[in-house]
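User: Could you take a close look at the pockets of this protein, and tell me what space they hold and what lines them?

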Amino acid sequence: MAQTGFPALKNDLILKAARGEPVERVPMWIMRQAGRYLPEFHEVRSKHDFFSVCQTPALACEVTLQPIKRFDLDASIIFSDILVIPQAMGLIVTMVPGTGPVIPEPLKDPSDLARLVQPNVEKDLKYVGDAITLTRHKLEGKVPLIGFTGAPWTLMSYMIQGGGSSTMTKAREWLYKYPEDSHKLLHLIANVIIDYLVMQVKAGAQLLQVFESHADFLNDELFEKYSYKYLKEISEKVRQRLKEENVPEVPMIAFPKGATINSLEMLAKSKSYEVLGLDWTVNPTEARERFGPDITLQGNLDPCAMYASEKEIIDRARNMVAKFGKTRYIANLGHGIQPDTPIKSVAAFIEGVHSV
């Protein structure tokens, strides 16, 4: 049976906050907390390339634990990458220093959909499940472990664009030029994601986060059609599958970075996810007013605020908690931590949140 045989959990604050239960202090974690701002991460990377770390459970586990050993965080997140799904679907993905992820042969038009394969997730992405199981044991119950995936639109846009972009023109062109094929591709990706998230829970993940990192390229109409539809379906089908397989449900977080306040409200009010992640552009007070009391909010300090003085970071963290309130709230940044963020800034951020 999944989720058994693991050490007892000592800190369940984030799970309580996700479910809307009272907490004695605001829980927090940091997106990309296992990563390039840590010297010990560079030590691992000096010996292994990026995807080798992702694909080697012992290394992924080691990197996942690095920030937990260093800081008083309330959750860990498995070290991996959202682009392991396009890899499993048959595309080559490389991590180019100074550039980021590159897909050398992206999907140019709908005829390229024939190049994609339907992976056997339990086999082809088993290394992620193995890393999760190993990490659950190595955490010794200190904090919960978060599993994650990219959302269908975000993965589709990478697969068509071939990498990061300030406009995502090629990917957005598909939505207007090939709407039926766009849905076909999104549906293929969503099916893989559902299998992938179920596998992560069975392996030991205690929360799941779905990163819709490219929501800022969608207006309300496109968000509803090409993002919301699939985010909702993923949540419903993952829960249904876990129930069918007699695996306990876990809370789910959606993080649509850059989505409009209307799009966020639509997702919040659907109650598809227990937690809604907010980027740093969203006003916490407005979010609380518009989204209602029945959803936990996560976020949303500007990652660049981490370059301020330690005193200012502490003050900003306290002010952020005051605006969100201590109920149904998980503190975080409004996106991933920057690679050159000072270590002392991270300590100040945590101190500020935990001092409220």
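Analyst: What follows describes two pockets, one after the other.

The model is a predicted one, and its largest pocket holds about 1,200 Å³ of space. Of the 42 residues that line this largest pocket, Arg32, Arg36, Asp81, Met95 and Pro101 are the closest to its centre. Four elements each contribute at least two residues to the lining, namely helix H2 (39–45), helix H3 (50–55), strand E2 (94–96) and strand E3 (100–102), and H2, with three residues, gives the most. In character, the lining of the largest pocket is made up of 22 nonpolar, 13 polar and seven charged residues.

Turning to the second largest pocket, the space there comes to about 210 Å³. Its lining consists of Trp280, Asn283, Pro284, Asn300, Leu301, Asp302, Ala305, Arg316, Asn319, Met320 and Lys323, and the elements that supply two or more of the lining residues are strand E8 (296–301) and helix H14 (310–324). H14 gives the most to the lining of this second largest pocket, with four residues. By residue class, the lining of the second largest pocket divides into five nonpolar, three polar and three charged residues.

Taken together, helix H2 is the element that gives the most to the lining of the largest pocket, while helix H14 has that place in the second largest pocket.

Technical notes: Residues numbered from 1 in each chain as written. Predicted model: local features only at pLDDT ≥ 70, side-chain atom pairs only at ≥ 80, totals over all residues. Heavy atoms only, no water. 1 Å grid on protein atoms, 1.4 Å probe; cavity = no way out; pocket = protein on both sides within 12 Å on 5 of 7 lines; lining within 4 Å. Points joined across faces, edges and corners; volume = space filled by probe spheres on them. Nonpolar A, V, L, I, M, F, W, Y, C, P; charged D, E, K, R; others polar.
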